[in-house]
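Q: I'd like a close look at one loop residue in this structure. Start there, then follow the connections outward and tell me how the rest of the picture fits around that spot.

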Amino acid sequence: MEEAINSLGHLMEGFVIAGSGMNLLFCFIGVTIGMLVGVLPGIGPVAGTALLIPITYNLEPTTAIIMLSGIFYGCMYGGTITSVLINVPGEAASVITCIEGNQLAKQGRAGVALGVAGIGSFFGGIMAILALIFVGPPLARFALQFGPPEYFALMIFGLIMLNALVGKSLLKGMIATGIGLFLAMVGQEPVSGVVRFHFGFAELIDGFDFVVIAMGLFGISEILGSIGQDMSQMKNQGKISGFFPRREEWGVTIKSIFRGTGIGMFLGLIPGASAVIASIISYSVEQKVAKDPSRFGKGAIEGIAGPETANNAHAGAAMIPLFTLGIPSSATVALLLGAFIMHGLTPGPALFQKNPEFVWGVIASMFIGNIILLIFNLPMANLWAKVVLVPYRLLYPTILIITMIGAYSITNSLWDVIVMLAFGIIGYVMKKLEFPLAAITLSFVLGNQIELTFLQSLSASQNGLLIFFTRPISGIVMAACFAMLAFSLYTRMKKHYYIAESED
Amino acid sequence: MKKITTPLVSGVLLLVLFGYFAYKSLSYPYIAFGRPGAGFFPFWLCIFILALTIIYIYEAFKEADIDILPKGKELRDILYVFGAMLLFVILADFTGFNVASTLFLAMLFFHGGYKWYTSIAMGAAISICLFALFALTLGVALPVNDFGF
């Protein structure tokens, strides 16, 4: 109880910080850009966030993270608009919304779809922030007991979760993870200072920049992949009005919002479980509990309310492992982690103690950001709908030049632009070969920490690798890793077996 | 004889690449001052990737080919856009950001079906706005030519 009161006190101080002129302005800019990134197909939240990171170099750390966080959860709101209006998900977590949202739009109820999504997203986002306020500090204190073996085990768990839950092939996911870890090895080794794998390029002494890799893998490759496609299938769905469901739909809507909140928040806490998984699981749950599952696929309102709430609740809850443990749950959150480090902040349990004004300022700004987004999403839905109608042939060159400016601004050198273009080609090829790019990004961001904690653990160990299994917390986490791997292998082998049987 | 498929080629490339990196890892200290050195982790990581790649190559023999290379118009479009980006990179330091960006945008707008004069006008307008935003407002040191733009 005392802790809760302390947290509320800190939160009030956070509102004072977040409500200051510059922070409020950049929160507004962040959520606007996030909405824009979410609305516009062809640029996803990873590339969008990566693009803005170099621009935050000159900002105060609190202001920078407020803006970048705004982009992160703003994308979740924005992706809904394209899903509902033109059946194109603005970002991956909005794929599910296409199924029901666009059907509702065709029935002339686009406003209801957007309204329910907006209200659910707001509720889920606020609940997740409350969880961060009350769960974050005790979790951070608990995490102070963690040593290198625990951190190593948690990071490996996050990577395994990501591969087990996302992507078609566990094997390709593991290879992609290995590639990402290897990319993190390029440059100066943090302990001994030995420069590795730079092949004579002085620019590689500091290694690759994560922003460059992210922009190349996600931004450039996405645009190269969509150039040949016809992105002009945007149809004007007519004026949007009537944002609220019918009276008889409110009960079902509210229940699915609560369920979506729980699912999103739970999965947001697990490193490696992304927002896409949260929305897919929420949709499955809604189908299972529905009295009439045959309505799904034809505009079932709970098919929007649940998943949209889940993906926004996930966005808020994903901040908990980031702030308290320094472990990102997805590629976008990995970029936030990189931004933290870039601004001289070390996310982890000590952050609450060492930089409380930063932590509570960012948390308070998330409340403000969610309110701004609710205002944006509903009354301004018609305006956002018009943005979607901008021809792609006008849009993608502008996005490309902004991306190149972003890469250039990192070290004021065209080297980073060249590296970004190279990773753009690599990303394009890997996408075609169905290798998950999120695995490369996440493992790259965690790579140095994984190596450091692994080597520190071995140095302290009397029994070699057994240290990871003999300490209680790391032992439990490693057991969970093996269980997850075994379960994933089993389900995939079972799927192959059934496919082979049905073909016979 | 089994057809040479794209996954198979990519698997072999990965095998060669990480085989080389594993070899290169051994040129860094494996053990230093009684602790794992700079070459320890990358070496075993490369071995891990090689083991997975061998399984991937084995799986590739059973899989159907994946068509990754774009063809026809799609290939021409991608090569054109990529060529425009490379041209920007080559020119930016000499001509300055505004000229290089105008040329880059004009090429892509023209390719998108706009008239050449419209493409140049739009390219110039967007370039100037971006220069004003990034260089003048946000303080990003974009490349400039001898005339200062």
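**One loop residue and its surroundings**

A: At 35% relative accessibility, A:Glu434 counts as partly exposed, since that value falls between the 20% limit for buried and the 50% limit for exposed. Keep in mind that this is a predicted model. The residue sits in the loop between helix 19 and helix 20 (437-460) of chain A. Its backbone is worth a look too: phi is positive, about 65 degrees, although A:Glu434 is not a glycine. For context, most residues other than glycine have a negative phi.

There's another case of this kind at a loop that begins on the other side of helix 19. A:Asn412 lies in the loop between helix 18 (392-411) and helix 19 (414-432) of chain A, and its phi is near 50 degrees, again positive in a residue other than glycine. Like the glutamate, A:Asn412 is partly exposed, here with a relative accessible area of 40%.

Now for the side chain of A:Glu434. What does it pair with? The partner is A:Lys172, and the two form a salt bridge whose closest N and O atoms are 3.8 Å apart. That pair links distant parts of the chain: A:Lys172 belongs to helix 8 (residues 170-185) of chain A, while A:Glu434 is in its loop between helix 19 and helix 20, 262 residues apart. The two ends sit in unlike surroundings: A:Lys172 counts as buried at 4% relative accessibility, whereas A:Glu434 is partly exposed at 35%. In general terms, side chains of opposite charge can pair when their charged atoms come close.

From there, it makes sense to see what other pairs of this kind turn up. A search of the whole structure finds eight salt bridges over all chains. One of them brings together the side chains of A:Glu249 and A:Arg109, at 2.8 Å from N to O. This is another link between distant parts of the chain, with A:Glu249 in helix 10 (residues 247-269) of chain A and A:Arg109 in the loop between helix 5 (95-106) and helix 6 (110-143), 140 residues apart. Both A:Glu249 and A:Arg109 are buried.

Helix 10 has a further pair to offer. The side chains of A:Arg259 and A:Glu286 meet in a salt bridge at 2.9 Å, N to O. Because A:Arg259 lies in helix 10 of chain A and A:Glu286 in helix 11 (residues 275-289), the pair ties together parts that are 27 residues apart in sequence. Here too one end is buried and the other is not quite: A:Arg259 is partly exposed, with a relative accessible area of 29%, while A:Glu286 is buried at 1%. Coming back to the glutamate of helix 10, salt bridges that share partners join A:Arg109, A:Arg246 and A:Glu249 into one network.

So much for pairs within chain A; what about the contact with chain B? The count of salt bridges between chain B and chain A is zero. The contact still takes 61 residues from chain B and 53 residues from chain A. About 5000 Å² is buried between them, and carbon and sulfur atoms give 82% of that area. As for polar contacts across the interface, the rule finds three residue pairs. On the chain B side, helix 1 (6-25), strand 2 (35-36), helix 2 (40-62), helix 3 (72-95), helix 4 (97-111) and helix 5 (116-137) each supply at least two residues. Helix 2 of chain B gives the most, with 12 residues. By class, that side of chain B has 45 nonpolar, eight polar and eight charged residues.

Chain B itself has five helices and two strands, running α-β-β-α-α-α-α from the N terminus. Its radius of gyration is 24 Å, well over the 15 Å that the globule rule gives for 149 residues, so chain B is more spread out than a compact globule. Its C-alpha trace spans about 60 × 50 × 20 Å along the principal axes, and 42% of its 149 residues count as buried.

One of the buried residues is B:Thr102, at 17% relative accessibility, in helix 4 of chain B. Its side chain reaches the backbone oxygen of B:Asn98 at 2.6 Å. Leaving aside neighbours within four places in sequence, B:Thr102 is in contact with B:Ile120, B:Gly123, B:Ala124 and B:Ser127.

Key:
Residues numbered from 1 in each chain as written. Chains lettered and ligands numbered in written order. Predicted model: local features only at pLDDT ≥ 70, side-chain atom pairs only at ≥ 80, totals over all residues. Heavy atoms only, no water. Contact = heavy atoms within 4.5 Å. Buried area = accessible area lost by both parts, 1.4 Å probe. Salt bridge = Lys/Arg side-chain N within 4 Å of Asp/Glu carboxyl O. Polar contact = N/O pair within 3.5 Å; in protein donor to acceptor, adjacent residues only side chain to side chain. Helix = DSSP H or I, 4+ residues; strand = E, 2+ residues; numbered from the N terminus. Nonpolar A, V, L, I, M, F, W, Y, C, P; charged D, E, K, R; others polar. Rg over C-alpha atoms; globule rule 2.2 N^0.38 Å. Buried < 20%, exposed > 50% of the residue type's maximum accessible area, 1.4 Å probe, protein only.
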